[in-house]
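Dear colleague,

Please find below the structure that I agreed to pass on to you. My notes on what was found in it follow directly after.

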Amino acid sequence: MFDKVKRFFTENMPNFYSIVSTVAVTLLGLLLIFFLFKELYSLFVMTLATESSTTFYEIVDNLLTFFLFLEFLSLVIVFIKEKGHTPLRFFIYLGVTALLRTLLTLHDSAMDILLISSSIFLLLVGLTLINRGKDLE
């Protein structure tokens with residue numbers, strides 16, 4: 001009796017979890033598309049408004065937020081296409097984009113700028129090592 005239940009779960013649960021994760025990631029992708037277009041609309045409104053008090057940094061911040069949503073969306077697309085396998089380099093791209101956004105919008109202290117720049121450099125070194133390792137295979 002216990003062997004039948006155990007076999008049922010070991011044979012069927014991975015497929016169930018795969019379906020649930022694919023549906024959840026698809027819903028996440030649809031939500032990201034909504035936010036992507038929302039951000040795109042706010043960018044158009046900001047840039048086309050003639051009597052606006054928006055600064056250059058606000059526009060750059062919204063533009064980089066748009067690219068973050070785009071990176072997340074590409075991550076979801078790769079996840080679905082590769083059936084649940086996402087290469088590490090996409091997460092590194094996302095981290096670099098997020099840190100660049102922070103670097104361009106936050107410029108309070110020199111130490112913060114140095115730490116964020118160092119983090120970006122380390123991520124790019126890691127990305128280079130991953131790409132070179134892939135070329136050696």
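The largest nonpolar core of this predicted model comprises eight residues: Val25, Leu32, Leu36, Leu43, Phe66, Phe69, Leu73 and Val76. Helices α1 and α2 each contribute at least two residues to this core. As a general point, nonpolar side chains in soluble globular proteins tend to be buried together.

Helix α1 itself runs from residue 2 to residue 48, a total of 47 residues. From its first C-alpha to its last it reaches 67 Å, which is close to the 69 Å expected at 1.5 Å a residue. The helix nevertheless bends by about 35° at Asn12, and a proline, Pro14, follows within four residues.

The buried residues of α1 are Val25, Gly29, Leu32, Leu36, Glu39, Leu43 and Met46. Helix α2, spanning residues 56-81, is included in what covers them. Leu43 offers a specific example: leaving aside residues up to four places away in sequence, Leu43 touches Ile59, Asn62, Leu63 and Phe66.

You may also wish to look at Thr65, which is found in helix α2. Its relative accessible area is 14%, and because buried means under 20%, Thr65 counts as buried. With residues up to four places away in sequence again not counted, Thr65 touches Glu39 and Arg101.

I turn now to the aromatic residues. A search of the whole structure finds five aromatic pairs. In one of them, the ring centres of Phe35 and Phe69 lie 5.8 Å apart with their planes at 15°, so this pair is stacked. The pair links distant parts of the chain, since Phe35 belongs to helix α1 and Phe69 to helix α2, 34 residues apart. Ring pairs also join Phe34, Phe35 and Phe69 into a cluster. Phe35 has a relative accessible area of 30% and is therefore partly exposed, whereas Phe69 is part of the largest nonpolar core.

Phe66 and Phe67 form another aromatic pair, here edge-to-face, with 5.7 Å from centre to centre and 70° between the planes. How do the two differ in accessibility, buried or partly exposed? Phe66 is buried, with a relative accessible area of 14%, while Phe67, at 37% relative accessibility, counts as partly exposed. Phe66 is also one of the residues of the core described above, and Phe66 is among the contacts of Leu43.

With kind regards

Conventions. Residues are numbered from 1 along each chain as its sequence is written. This is a predicted model: local features need pLDDT of at least 70, side-chain atom pairs count only at pLDDT 80 or more; totals for chains, interfaces and linings use all residues. Side-chain values use heavy atoms; hydrogens and water are left out. The expected span of a helix is 1.5 Å times one less than its number of residues. The bend at a residue is the angle between axes fitted to the seven residues ending there and the seven starting there. Buried means under 20% relative accessible area, exposed over 50%, partly exposed in between (1.4 Å probe, protein chains only). Contact means heavy atoms within 4.5 Å. A nonpolar core is a set of buried Ala, Val, Leu, Ile, Met, Phe, Trp, Tyr and Cys residues joined through side-chain atoms within 4.5 Å. Rings of Phe, Tyr and Trp (its six-membered ring) pair if their centres lie within 6.5 Å; planes under 30 degrees apart count as stacked, over 60 as edge-to-face and the rest as tilted.
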